[in-house]
Amino acid sequence: MSSFSYKDIYIEDGRKIVEVNILPEKYCNFDCIFCPIGRSYNKVDTPQSFENMNDSLKELESMIEKNGVELVFINSKGEALLNDKIYDIIELIKRKKVSVRLLSNGYLFGKAEYIKIANTCDEVVGEIKTISEEDFQKIQRPIVGYILDEYISNMILFNRQYRGTFILDITVIKGYNDDDKSIDKIKSIIQELSPDKVIVERMNDEKFKKKLGISDERFEEISKELCNIKSVKKQ
Ligand code: SF4
């Protein structure tokens, strides 16, 4: 029996992609109020072991082979880095000569053991959703002791040494980071972080759209501003 779950295969920039969730239930170091998966009853930041990993790895291998997958996107129910077999999962994918994209909220990019794992991926996605300490604590509800400055600097320091493609995923949230001052702050983070690509999103989930979603016009405006920033290229 496998513990992984998959989304339908799709094509992106000519590449065949499969998204895989490698967590049996939600495990995350944050507990965001807008999380589409629900509450974080397992709020942890240490590696967790799960059952059925051998079967899950076999299933992933056959999924890649049967479908001619060119990139596996590890996009999980929470923080994928918390699966203590993540290194084996990435290694299996790489052995098949297939690229790996890993989605993480980015906080754990400050810990040596997780940096080592993320460095083996071709593409890494980190996120920004709040830009003040108060909002970070209030709406992302991280593990006690986490602070926003450390979160951002963990991603900046990670990307300084990372050789792959770093994608920064920014979610614009009404009333929290959609005003001009916040957008300027995000711009300076982008400049310092220097990602290879910026993706701007907004609250699309029906449950949160009304309260936290922004208008089409404002979304267009902010997207243009944030996606056109010239970041300092990696050496
Ligand atoms: S970081 Fe992502 S998975 Fe974790 S609680 Fe927040 S929205 Fe959910």
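How do the residues of the shell around the ligand divide into nonpolar, polar and charged? In this predicted model, where residues are numbered from 1 along each chain as its sequence is written, local features need pLDDT of at least 70, side-chain atom pairs count only at pLDDT 80 or more, and totals for chains, interfaces and linings use all residues. Side-chain values rest on heavy atoms, with hydrogens and water left out.

The shell comprises five nonpolar, two polar and two charged residues; here Ala, Val, Leu, Ile, Met, Phe, Trp, Tyr, Cys and Pro count as nonpolar, Asp, Glu, Lys and Arg as charged, and the others, Gly among them, as polar. Around the ligand, with a heavy atom within 4 Å of it, are Lys26, Cys28, Phe30, Asp31, Cys32, Cys35, Ile37, Gly78 and Asn105.

One of these shell residues, Phe30, also meets helix 4 (residues 133-140), a DSSP run of H or I with at least four residues, numbered from the N terminus, in which Gln140 lies. The C-alpha atoms of Gln140 and Phe30 are separated by 5.9 Å, although the two are 110 residues apart along the chain. Gln140 is buried at a relative accessible area of 1%, buried meaning under 20% (1.4 Å probe, protein chains only). Leaving aside residues up to four places away in sequence, Gln140 touches Phe30, Asp31, Cys32, Phe34, Lys129, Thr130, Asp135 and Tyr151, contact being heavy atoms within 4.5 Å.

Turning to helix 2 (residues 86-95), its buried residues are Ile86, Ile89, Ile90, Leu92 and Ile93. Seen down the helix axis, they fall within an arc of 155°, so they line one face of helix 2; the arc is taken from the directions from the axis to the C-beta atoms.

Terms used:
Buried < 20%, exposed > 50% of the residue type's maximum accessible area, 1.4 Å probe, protein only. Helix = DSSP H or I, 4+ residues; strand = E, 2+ residues; numbered from the N terminus.
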